[in-house]
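Visitor: I am new to this structure. Please take a close look at its salt bridges for me, and then show me what lies around them.

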Amino acid sequence: MDAAGIARQLAADGLLTTSLSAEDALPGGELILAATSTPDQIVRPDLLRRNAAVCDVSQPPNVGDDVRKKRPDVMVVAGGLIRMPGDRDTGLDFGLPYGVTYACTAETMIAAHRLDDPVVSQGERLSGQLVRTLRDDAARLGFRLHLPERRTDTVDGAA
């Protein structure tokens, strides 16, 4: 079964929902993917169920520091940030750690290396093959996900 089929089956089983409203979607979610273009921090501590996991790929982030401070039971994984090859820095101050850039910036850099096939824009239609090609190119060039330091504390005595 392809990814779309898996998503349809999960939705049919009531295990996957999508929503444009944080207030509607977040309270029941065990695993939340925040992927918006809003600069607002819409994932709030009071909206999350206990022990939820949130992957926030939005930049700027949709999960604010208040979630980490007020909800130690919630695991937050930041996304949308990429480590540059060799931890080189862009020389531009975006407020990111040294050697880290936004995923959209890294994507442009990776695409620039594809001079033999420079047309990578697909408009609203995203090509799975193009995504896999850019992923492979990113690995070949030395780009990698930026993973902030992991929490080493425990919640309720559990590791």
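Guide: Start with the term itself. A salt bridge is a side-chain nitrogen of Lys or Arg within 4 Å of a carboxyl oxygen of Asp or Glu. Two notes on reading come next. This is a predicted model, where local features need pLDDT of at least 70, side-chain atom pairs count only at pLDDT 80 or more, and totals for chains, interfaces and linings use all residues. Residues are numbered from 1 along each chain as its sequence is written, and side-chain values use heavy atoms, with hydrogens and water left out.

Now the pairs. Searching the whole structure turns up nine salt bridges. Let us visit some of them.

One pair joins D73 and R71. Their closest N and O atoms are 2.8 Å apart. Are these two residues buried or exposed? Both D73 and R71 are buried. Buried means under 20% relative accessible area, exposed over 50%, and partly exposed in between, for a 1.4 Å probe and protein chains only.

Next comes D87. Its salt-bridge partner is R144, and their closest N and O atoms are 2.8 Å apart. Where do the two partners lie? D87 sits in the loop between β4 and β5, while R144 belongs to strand β6 (residues 144–145). The pair therefore ties together parts that are 57 residues apart in sequence. Helices (H or I, at least four residues) and strands (E, at least two) are DSSP runs, numbered from the N terminus. D87 counts as partly exposed because its relative accessible area is 32%. R144 is partly exposed too, at 37% relative accessibility.

Some bridges share partners. Such sharing joins E23, R44 and D46 into one network. Look at one link of that network: the side chains of R44 and D46 meet in a salt bridge, with 3.3 Å from N to O. R44 has a relative accessible area of 31%, so R44 is partly exposed. D46 reaches 58% relative accessibility, so D46 counts as exposed.

Go back to D87 for its backbone. The loop that holds D87 runs between β4 (81–83) and β5 (100–102). Which sign does the phi angle of D87 have? Phi is near 55°, a positive value in a residue other than glycine. So D87 brings together a salt bridge to R144 and a positive phi.

N51 shows a positive phi as well, of about 65°, although N51 is not a glycine. N51 is placed in the loop between β1 and β2.

One loop further on has its own detail. P60 lies between β2 and α3, in a loop. What kind of peptide bond leads from Q59 to P60? That bond is cis, with omega near 0°.

G64 belongs to the loop between β2 (53–56) and α3 (65–70). G64 counts as buried because its relative accessibility is 1%. Follow G64 across to V43. The two residues are 21 apart along the chain, and their C-alpha atoms are separated by 7.2 Å.

V43 leads to the interior. V43 is one of the 12 residues of the largest nonpolar core, whose members include A22, L26, I32, L47, V63 and V76. A nonpolar core is a set of buried Ala, Val, Leu, Ile, Met, Phe, Trp, Tyr and Cys residues joined through side-chain atoms within 4.5 Å. Another core lies apart from the largest one. That core has eight residues, among them I82, M84, L134 and A138.

Finally, step back. The protein has five helices and six strands. From the N terminus on, they run α-α-β-β-α-β-β-β-α-α-β. How many of the 159 residues count as buried? The share is 27%.

The N-terminal end is a good last stop. M1 comes in the segment before α1 (3–12). M1 is exposed because its relative accessible area is 74%. A7 lies in helix α1 itself. A7 is partly exposed, at 29% relative accessible area. From A7 to T17 is 10 residues along the chain, and their C-alpha atoms are separated by 9.4 Å.
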